[in-house]
Amino acid sequence: MSGEQSQTAPAAASIRAAPDGTRHAGLLGVGAYRPVRVVPNDEISGKIDSSDEWIRSRSGIEARRWAGEGETVVAMSIASAGKALAHAGVRPDQVGVVIVATVSHLYQTPSAASEVAHRIGAAGAAAFDVSAACAGFCYGVAMARDMVLAGSTEHALVVGVERLSDLTDPFDRSTAFIFADGAGAAVVGPSAEPGIGPVVWGSDGSGLDLIRQEQPWDVAFYGGDAPEWPHLEMQGNAVYRWAAYEMAKIAQEALDAAGVSVEDLDAFIPHQANMRITDVMVKALRLPPSVAVARDISGQGNTSAASVPLAMAGLLESGEVTSGDLALIIGFGAGLVYAAQVVRIP
Ligand code: UT7
């Protein structure tokens, strides 16, 4: 060792830098699971002094699907995940992160994601649930994109899944006809070109009371003389006004963040909350008629976190969009929370 070398202090250990900005992330595959049982409006309207005509004209819903025995949150997640992985050509053991967005997994712990990861064969994958209501899938895609870009994982599985029929009071006029069940999944991974734009997301807690579980579980079970199942409650019209008029602005911000104009878009896939909300947003965004608009609320109802991937899969199945098309997705709901981004259809 020379004298010069012996006087040099050893270099301080450094944390390896994140991958450089040349890495891109995209949606590689999408898959849907729709529960077997179709529930038409007439099966619901009698209990809430409503009618098929009222439900159709106010919400656009003609029927929805409610999960039956065996169609659990985890089972529906696994079914949609299998289709998304097959579509992506990604093996379960290549999945490094599993994110399940849901508000209707009735176990406080462990997460649905841990069970999904284990049962699909994504051994050792990081796994966690996201509670961001109807924005949950878009939140999950945003996180998965950033993880792939940062090198935290090669592939992430994002599932949006709900069994809202478990949490809905069949005698509540404001919710009984709207909420529904299902699952949709997407695989996020490296791509040759940017396939997922920057997310525009946020929350507005001043609207906390507009959609919420009536009571926490402990109060529901121990707070009174008789245990009372804590259903979801919603001030529909206030939510409607917020969604219809504020969410188009968020959608426009997502377009701007991605550097995409409405003329560039092939599809608009908003959370399927209410057909009238979709109509208002289409108008506010001045979408050209060439843009395919997801409207599967008519047969699916409002499936919260599942609605965007379900609608995306539906547009692919019907041939209204094809792989490589540019789509604007947006989710919004209880919290109040929202998230929007531009994606390429896998
Ligand atoms: O997914 C998360 C976010 N959720 C949403 O985005 C849902 C947003 N909200 C909605 O989709 C709509 O507010 C609903 C579809 C839930 C309700 O439609 P609306 O046009 O906002 O109805 P409304 O609550 O303002 O009620 C209008 C009328 C009222 O009667 P009057 O006062 O005008 O005589 C209600 O009593 O309709 C009556 N009504 C019903 N009638 C038949 C309310 N619920 C019903 C019902 N059937 N189920």
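**Exercise 1. Work out how the ligand is held by polar side chains, and how much of the ligand is covered.**

Start with Trp54: one of its polar side-chain atoms is 3.3 Å from a ligand nitrogen, a polar contact being a pair of N or O atoms within 3.5 Å. Before going on, note that this is a predicted model, where local features need pLDDT of at least 70, side-chain atom pairs count only at pLDDT 80 or more, and totals for chains, interfaces and linings use all residues. Residues are numbered from 1 along each chain as its sequence is written, and side-chain values use heavy atoms, with hydrogens and water left out.

Next, take Ser50, which puts a polar side-chain atom 2.6 Å from a nitrogen of the ligand. Then turn to Arg276: an N or O atom in its side chain is 3.3 Å from a ligand oxygen. Finally, the cover: on its own the ligand exposes 950 Å², and the protein buries 73% of that (Shrake-Rupley method, 1.4 Å probe).

**Exercise 2. Describe the shell around the ligand.**

Count first: 22 residues surround the ligand, and the closest are Ser50, Asn237, His271, Asn274 and Asn302 (a residue counts if one of its heavy atoms lies within 4 Å). Sort them next, and you get twelve nonpolar, seven polar and three charged; here Asp, Glu, Lys and Arg count as charged, Ala, Val, Leu, Ile, Met, Phe, Trp, Tyr, Cys and Pro as nonpolar, and the others, Gly among them, as polar. Last, ask which element gives the largest share of the shell. That's α8, with four residues.

**Exercise 3. Find a salt bridge that links distant parts of the chain.**

Search the whole structure and twelve salt bridges turn up (a side-chain nitrogen of Lys or Arg within 4 Å of a carboxyl oxygen of Asp or Glu). Pick the one between Glu317 and Arg34, whose closest N and O atoms are 3.2 Å apart. Now place the partners: Glu317 is in helix α11 (residues 307-318), while Arg34 is in the loop between β1 (25-33) and β2 (37-40), 283 residues apart. Helices (H or I, at least four residues) and strands (E, at least two) are DSSP runs, numbered from the N terminus.

**Exercise 4. Spot the unusual backbone angles.**

Keep the background in mind: most residues other than glycine have a negative phi, and most peptide bonds are trans. Thr109 and Pro110 are joined by a cis peptide bond with omega about 0 degrees, and Pro110 is in the loop between β4 (97-101) and α5 (112-120). Gly335 to Leu336 is also cis, omega near -15 degrees. For phi, check Asp49: its value is positive, near 50 degrees.

Terms used:
Polar contact = N/O pair within 3.5 Å; in protein donor to acceptor, adjacent residues only side chain to side chain.
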